[in-house]
Each structure stands twice: as C-alpha cells, then as structure tokens.
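Work through the exercises below with the model open. Try each task before reading its solution.

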Amino acid sequence: MTGRPGRTGRGGSQASAGDLLELVRSGRATTRGALQQVTGLSRATVGQRLERLFRAGWLREGAGGPVDSPLGGRPSITLEFDDEHAVVLAADLDTRHARAALLTLTGEILAERSGTLVVEDGPDAVLGALGGWFAGLLEQAGHRAEEVCGIGLAVPGPVDTDAGRVVQPPIMPGWDGYDITGRLARAFTEHTGAAPVPVLVDNDANLMAYGEQRTGFPDCSAFVLVKVSTGIGAGVVVDGSVFRGVDGGAGDIGHIRVPEGAEALCRCGSYGCLAAVASGGAVARRLAERGVPAASGSDVRELLAAGHPEATGLAREAGRLVGEVLATVVTLLNPGVLMIAGDLAGTPFVTGVRELLYQRALPRSTARLEVVTSRLGERAGLVGAGALVVEHLYAPERVEERLRALGV
Ligand SMILES: [Zn+2]
C-alpha cells in the first residue's frame with residue numbers, strides 16, 4: 001500500500017499533478033525549473049498543474065526565498081508541501097493499553113493521549129472508545145474534525161491491509177475478520193459529527209518500523225525493527241516501503257519454533273514458539289512463578305527500569321533466544337539497521353541479542369549492521385500510522401481523484 005506505482009510515470013511527459021507533488025514532497029525537484037527538467041513538461045503545463053495544487057492548498061511557496069534555477073535565468077521560488085491544510089489522527093493499540101494522537105501531515109504530534117483500552121473487550125467497544133479519544137484530541141489541539149484527512153491504526157496482530165481486517169490474531173480474541181476500518185470510521189463520525197474519512201490499519205511492528213525508518217534512518221534501504229512487548233513481531237522496510245508479504249504475514253517472527261520452547265504453550269495454540277519463551281509476556285510469567293508480581297510486558301518494563309535483578313537476568317536470557325532467531329533474519333535480509341523496540345528494549349535484552357546475533361550470523365551480514373534501540377519510543381507506531389495515511393492519500397495515483405473531488 002505504501003508502494004508508489006506512480007513512480008514509474010513521474011519522469012515522463014505524462015507527469016500528472018500527483019507526480020509533481022511527489023517530486024516536491026520527496027525533495028527531488030522543488031522549483032518550477034527543476035520540475036520542467038525532470039518531467040520534460042513545458043513551462044505552461046507545469047504552471048497549470050501546480051496551479052491546481054496551490055488552489056487545493058497542498059503546495060505553498062517556500063520560506064527560504066529564491067534559489068538558482070537549473071535552467072538558468074532568474075532565480076526561482078522554491079515550492080513545498082503545505083502541511084497545514086489538513087491533520088491526521090492515529091492510534092496504536094497494545095493488548096491492555098492504547099495511545100492516540102493528532103498529527104500534522106509531516107508527522108509532528110499536536111495532541112496526544114494514552115490510557116487503558118483492553119483489546120480483549122472486543123473491536124466494537126475498543127474502536128468506539130477511540131472515536132471518543134479522537135474527539136477529545138481535536139478539541140485539545142483546537143482543530144475541527146473537518147480538517148482530518150484520514151486515520152491510521154496500529155494493531156498487535158497480522159493485518160490484511162487491503163481489507164482493513166486482522167487475520168487470525170493470536171492476542172486479539174474476537175477481532176478475526178472484523179471490519180476495523182468501517183467501525184473506526186463510524187466511531188469518528190459518531191463522536192465528531194464529521195463525514196467519515198479513510199481509515200488505514202496495519203500491524204504495530206510494521207508501523208513502528210515505518211515511523212522509525214522515515215524519521216531516523218531515511219537513507220537505510222533495508223531496515224528491520226523487532227518489537228518485544230507482550231508478544232514479539234518484526235517490521236521490515238525495504239526501499240522506503242513496508243514489506244508485508246503476500247497476505248500481511250511478513251515479520252511475524254514470534255511464532256518461529258525454537259528448541260527452548262518445546263514445553264511452552266504459545267497464545268497462538270502451538271508449542272515451541274519464540275514468543276512463548278522470550279516475549280515480555282513470557283518473562284512476566286516466569287517472574288510470577290518466582291513470586292514476583294508481573295502479568296504483562298509493561299510490568300516487566302517497570303521492573304527492568306527499577307533494576308530488578310531477576311527481571312534483568314530473564315530479559316538477557318530472552319534477548320539471547322531472540323538473537324538466535326535474528327541471526328537468521330539478518331542473514332536473509334542483510335539490513336543496515338536492526339532496531340529493538342517494545343517493553344523489553346533495554347540494555348539487558350539488547351546485550352543478549354548481540355551475544356547470539358554476532359555469534360551465529362555470517363560476519364559479512366553483520367559487518368555494516370547497526371543494532372540500535374528505538375528512537376521514537378512509544379510514539380513510533382503513531383508516527384508510522386500517520387505517515388501511512390499521508391503516503392496513501394498523497395500518492396500520485398490518488399491525487400487526481402482527490403483534486404477533482406475538491407473541484408480544482
Ligand atoms: Zn505462537
């Protein structure tokens with residue numbers, strides 16, 4: 001969905017208004033002269049197409065002043081995407097906790113809220129509550145609901161992004177096949193009175209990876225993020241797009257079988273999954289067995305922050321188990337960045353990952369690998385969800401239809 005089929009046409013003489021917008025947004029061509037040069041369009045045609053984008057309020061003249069034109073002659077005015085003509089809503093669901101935000105089109109958070117929302121309460125209740133959160137965020141930031149162009153949602157399960165539904169999610173009982181996008185669009189309308197807007201839903205690790213890669217590692221062409229919270233999942237961003245596989249199942253590494261897990265029953269119903277022995281949930285269970293009160297990944301996070309010795313030891317051991325699986329991931333994908341995120345993403349866990357990863361992976365596949373922890377922290381999923389919506393709505397192939405709907 002974040003792929004850009006319009007890319008192939010952008011350089012040709014058929015370049016559309018959407019292609020010009022894409023060139024400006026990506027920074028590849030930011031003056032009229034540069035747009036003429038890249039597209040081969042005449043000055044008049046570029047002018048006509050830009051005029052529509054100006055009328056829509058999507059483009060503005062840059063604050064930086066004129067720059068030298070590649071075609072020579074007078075210095076030209078720079079153009080930039082106007083990120084103030086609309087706003088985006090985003091939410092990131094974890095099993096017992098959620099976070100939501102109102103963002104600008106370039107990913108700046110305008111208002112944010114987090115709190116308890118339990119996915120086990122089911123999609124109708126959870127998505128209905130999010131509609132109320134969204135109305136509150138708009139009020140808090142002083143924006144009207146009519147300014148919202150779309151909603152992005154991150155969920156802790158495998159997603160069929162075209163259908164906007166989760167597919168057999170192990171830790172989201174009652175959500176399998178449910179019409180998430182339809183219900184959330186309705187909840188937004190019920191709570192704000194505004195017309196429904198497009199809703200895009202994706203897996204949380206995918207959106208965290210997307211948010212982190214775009215903001216922190218935009219030049220990294222192969223980026224992997226592993227989220228270790230109550231469950232374990234990975235997001236893969238290749239050449240700037242989320243890699244989802246044929247049905248959204250890519251990166252679901254929590255259910256790879258490991259020998260250490262032979263006796264452990266996973267929430268997916270199988271024995272031996274990595275998540276059954278090395279997730280925040282698994283560490284919490286082991287702690288509870290030893291009399292330390294812990295029920296979830298976030299409980300483990302708090303114990304780790306307090307330097308709890310048993311939690312620290314178990315987190316490092318979990319890191320070693322995950323590191324063994326990641327050695328295979330790294331050998332297969334040869335990423336430039338491997339980011340560890342989620343409740344367990346601290347020094348003990350990462351130390352464990354490094355121990356096994358460098359021991360098991362080929363030296364060639366780790367020579368230029370950076371192993372890092374999350375930069376955006378708990379906001380990564382929100383930033384990724386917001387970006388998913390913006391890239392979808394302003395993709396060249398969708399711009400023409402949206403401009404026509406605006407009457408320009
Ligand atoms: Zn499993």
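The exercises that follow concern a predicted model.

**Exercise 1. Domains**

Task: State how the protein chain is divided into domains, and find what distance separates the centres of domain 1 and domain 3.

Solution.
- Step 1. Take the assigned bounds. Domain 1 covers 5-81, domain 2 covers 87-206 + 381-406, and domain 3 covers 216-377.
- Step 2. Take the centres over C-alpha atoms. Those of domain 1 and domain 3 are 43 Å apart.

**Exercise 2. The surroundings of strand S13**

Task: Decide whether strand S13 (residues 337-341) is largely enclosed, and name the strands that pair with it.

Solution.
- Step 1. Apply the cut-off: a residue is buried if 20 or more other C-beta atoms lie within 10 Å of its own.
- Step 2. Count along the strand. Five of the five residues of S13 are buried, so the rest of the structure largely encloses this strand.
- Step 3. Sort the side chains by direction. Val337, Met339 and Ala341 point one way, Leu338 and Ile340 the other way, and all are buried.
- Step 4. Look for the partners. Strand S10 (residues 222-228) runs parallel to S13 and is joined to it by five bridges. Here Lys227 stands opposite Ala341.
- Step 5. Turn to strand S14 (residues 370-373). S14 also pairs with S13 in the parallel sense, over four bridges. In this pair Ile340 faces Thr373.

**Exercise 3. Two positive phi angles**

Task: Locate Gln168 and Asn334, and classify each as buried, partly exposed or exposed.

Solution.
- Step 1. Recall the background. Most residues other than glycine have a negative phi.
- Step 2. Check Gln168. Its phi is positive, about 45 degrees, although Gln168 is not a glycine. Gln168 sits in the loop between strand S8 (165-166) and helix H5 (180-192).
- Step 3. Count its neighbours. Gln168 has 13 C-beta neighbours inside 10 Å, so it counts as partly exposed.
- Step 4. Check Asn334. Asn334 is not a glycine either, yet has a positive phi of about 45 degrees. The loop between helix H10 (309-333) and S13 holds Asn334.
- Step 5. Count again. Asn334 has 17 other C-beta atoms within 10 Å and is therefore partly exposed.

**Exercise 4. A helix pair**

Task: Describe how H10 and helix H11 (residues 347-360) cross, and what kinds of residues make the contact.

Solution.
- Step 1. Compare the axes. Those of H10 and H11 come within 6 Å and cross at roughly 35 degrees.
- Step 2. Assign the hand. The crossing of H10 and H11 is right-handed.
- Step 3. Sort the contact residues. Between H10 and H11, twelve are nonpolar, five polar and seven charged.

**Exercise 5. A five-stranded sheet**

Task: Give the strand order of the open sheet containing S3, then place H4 and H5 on it.

Solution.
- Step 1. Read the order. The five strands run S5-S4-S3-S6-S9, with mixed pairing.
- Step 2. Find the edges. Strand S5 (109-116) and strand S9 (199-203) each pair on one side only.
- Step 3. Add the turn. Neighbouring strands of the sheet are turned by 15 degrees against each other on average, direction ignored.
- Step 4. Inspect one pair. Strand S3 (residues 87-93) and strand S6 (residues 148-155) are parallel, with six bridges. Asp92 stands opposite Ala154 in S6.
- Step 5. Place the helices. Helix H4 (residues 123-141) lies across S3, strand S4 (97-104) and S5, at about 40 degrees to S4. H5 packs on the sheet and touches S6 and S9, its direction making about 130 degrees with that of S9.

Key
Residues numbered from 1 in each chain as written. Predicted model: local features only at pLDDT ≥ 70, side-chain atom pairs only at ≥ 80, totals over all residues. Buried ≥ 20, exposed ≤ 12 C-beta atoms within 10 Å, placed from the backbone. Helix = DSSP H or I, 4+ residues; strand = E, 2+ residues; numbered from the N terminus. Pairing = 2+ DSSP bridges. Axes fitted to C-alpha atoms, helices over the stretch in contact; angles between N-to-C directions. Left-handed = near helix turned anticlockwise from the far one by under 90°. Nonpolar A, V, L, I, M, F, W, Y, C, P; charged D, E, K, R; others polar. Domains from an automatic or database assignment. Contact = placed C-beta atoms within 7 Å.
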